[in-house]
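Reader: I am still learning how to read a model of this kind, and I would be grateful for a careful look at one part of it. Could you take me through the place where two chains meet?

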Amino acid sequence: MTHTAALRLAGLTKHFGRPAVDGLDLTVRRGEFYALLGPNGAGKTTTLRLVTGLLAPDRGSIEVLGIDMTTAPAAAKAKLAYLPDDPMLYDKLKPFEYLEFVAGLWGVRAEAAEPRARELLDWLDLTRHAHELTEGFSRGMKQKLALAGALIHDPELLILDEPLTGLDAGAARQVKDLLLAHVAKGGTVILTTHILEVAERLAQRIGIIRQGRLIAEGSLDELRAQSQGGSLEDVFLHLTATP
Amino acid sequence: MSAAPGSVGWLLRHELRMAWYNAAGGKDKGGAARRRPGNSTIGLMVLVWLVLHVVAWIAVRSLAGLGSGDPRILLLVSAVLLVVLTFMLSTAIKSSVLVMFERSDLDLLLSSPLPSRSIFTVRLLRVTLAAAALYLVLLAPFAHAGLALGQWRWIGIYPGVLALAVLCACAAMLLTLGLVRMLGARRTRVVGQILGALAGAFLFLVSQAFSLSSRDAQGQAREFAIALVRQDSVLAADSLLWMPARAVLGEPVAMLVMVLLACAVFMLTARFTHRYFAHGLQQAASSGRAPAAVKGTLRHRFGRSLFQTVVIKEWRLTARDPQLVSQVLLQLLYLLPLAFLVFRNAELQVQAIGAGLVLLCSSLGGALAWIALSAEDAPDLLAASPASAHTVRRAKLAAAVMPVLALVAAPLLWLVWRSPLAGLVTCVTVSCAVFGAGLVVFWCGRPAQRSNFKVRGKGGFVMNMLELGNSLAWAALAWLLGGATVAPMSGLAMLGAAGALFGALLVLLAAWLMRRPRV
């Protein structure tokens, strides 16, 4: 089982009038930190929403840790967590109540969920806001709480869409540390980002998609080799330039 | 010639354009937001307006012999204006709250170099137009009919209604600003909403209280009213309180006084309160960002079942949203006279109580079901989780139904104690009606945002009709079966009861057949 990929996409296709994801083949290994890059409208968010079961594919297959998302969605979802760019929170809940709700959705037992919630809130510096409703939270605090929610069931695969957008330097560091710790423990992280420096520093492998297709993939060095050197920004701009 | 950019006229044109776009309310067939009402809507409105002109023509012609000083016509017009005034005030209060708290373009306007006085003046005009629009549409045909029949005095409707609207708008805006100063922005939204609804329902509630009160009380009220209009009292024929009616009836002096009064009040309000408006907006803007701590110790319990977790979450979200709770409860305001029935006579009015409780509870159940089932704040969180969607939705339905049944338990127990058979019949019909309302939303509800609660009717005509059908069918059944507990049932009543039951089941069947596919 250790050879099973964390995520395997084969011929994944989704049309919204025009193809948003177009025959995408992608494999992310277990315990890997993978960054999915692409220009605006390349199909990154659609891909993540397909992987997390929020959208149904027109064609192709999605395997999460060896489990087919289309035939056994509940089993696949139990192993992953998704953090979209707009945090999925409830304004009128307090942080612990939010985590209690998310833990309930994933069926986490009380003896595991409660200490985990305290640990995450402490780590993300949210414990002192435990009495407050999230409606008064800043963008960064909301993003951190949503991340705590994503981690409450200790998912094997963590999928994040632009997790660092709008965060200040301190909050961004906290989130990055948490993600690296998750990978260090054997978890897998897939993230999309427009901040190329984040991908450059954190990701072990980077995939670049354009018009719903994977146009390049590999470690930073491999990508550099494909496009005659330079920074990731140079590589990205070279690969995504309109032909 | 167009107004200079940044001027009051220019800003007013922008406001009117936005109001026109908002009036479209919805999306076209392609899914894009409509920029204006559809041709069929405009056509229907013009047709209704033409029919109103015919009605007005008949009414004005029949009043031709009466002079504007005639007490009967003064009384009639004043009564109409009193009704208009309360509804205008209600609309104006709601609009004031809206322009203060719910307009997304205020940050842009206030960060621009436009003077706050111009912005406030235009917003005040917008509230005035919101207050006047409906009544101008309804009453203008009388002015036009008067002109057609050579009775020029009816043209006074235009300045009269506009003057009243200005006075209502100024009063509403001052009230809202005063509330913001006294209570803060957060509470003003709720209190303003309640005041607006109470102002709108005031005359209805008074009239219902009168008709449901005892004969002695009715007699005393009549004597009091007669005393008020005696020659030497405050409502004598020459009283200033008849001024609006005289203005509407085209008396030049009264018209001039009303117009001058409205202009003066408008200018004074705009001149002296625009700073408070800016201050109120700042408070409103900061209230959403201030940390909102909930009193009491932290109470949370991990490890509940999925069903319990969802129910508790729904109750927390609803209970902590006073604005939403007040919107839900204010819908029931018009059913309040039902309470008078219980105390009116010593004899128990089983039928009316049963039918009334059914209407009240099914309406409340439908509203709560919409909040829980349709207005989910984080649908992607639920969809991305491994939780059974069916269990989650059943829990949401339960979260909507349980509070209604808990709320109605006390009156039902009282009814069972007073009249066991009637009480049991009411228990069954109320429970079925509440579950029915919940199931209609369960099957046919469309995803929406909580903040759209007030306009949820626009989102699903079919669902609203099914909800109404459910309420009426169960109310009819409660009425007919309630009657059967005190007297033998006639053949017609039996047929009616069977028809009501069939209707209720038909509504549920239709809702199930039209159920929306879930992802």
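How many residues of chain A are in contact with chain B, and how many of chain B with chain A?

Author: Bearing in mind that this is a predicted model, we can say that 34 residues of chain A are in contact with 30 residues of chain B. On the side of chain A that touches chain B, the elements giving two or more residues are α2 (73–78), α3 (95–105), α4 (110–123) and β7 (132–133) of chain A, and the largest share, 7 residues, comes from α3(A). Sorted by class, this side of chain A has 18 nonpolar, 6 polar and 10 charged residues.

For a contrast in setting, it helps to look at a contact within chain B, where helix α19 (residues 461–484) and helix α20 (residues 491–513) pack with their axes 8 Å apart and at an angle of about 155 degrees. Angles over 145 degrees count as roughly antiparallel, and so α19(B) is roughly antiparallel to α20(B); the crossing in which α19(B) passes α20(B) is left-handed. Among the residues making this contact are B:L466, B:G469, B:W474 and B:L481 of α19(B), together with B:A493, B:G496, B:L501 and B:V507 of α20(B). By class, the contact of α19(B) with α20(B) has 16 nonpolar and 5 polar residues but no charged ones, whereas the side of chain A that touches chain B includes 10 charged residues.

Technical notes
Residues are numbered from 1 along each chain as its sequence is written. Chains are lettered from A and ligands numbered from 1 in the order in which they are written. This is a predicted model: local features need pLDDT of at least 70, side-chain atom pairs count only at pLDDT 80 or more; totals for chains, interfaces and linings use all residues. Axes are lines fitted to C-alpha atoms, for helices over the stretch in contact, and angles run from 0 to 180 degrees between N-to-C directions. Helices (H or I, at least four residues) and strands (E, at least two) are DSSP runs, numbered from the N terminus. Angles under 35 degrees count as roughly parallel, over 145 as roughly antiparallel, 65 to 115 as roughly perpendicular and the rest as oblique. A crossing is left-handed if the near helix is turned anticlockwise from the far one by less than a right angle, and right-handed if clockwise. Two residues are in contact if their C-beta atoms, placed from the backbone, lie within 7 Å. Ala, Val, Leu, Ile, Met, Phe, Trp, Tyr, Cys and Pro count as nonpolar, Asp, Glu, Lys and Arg as charged, and the others, Gly among them, as polar.
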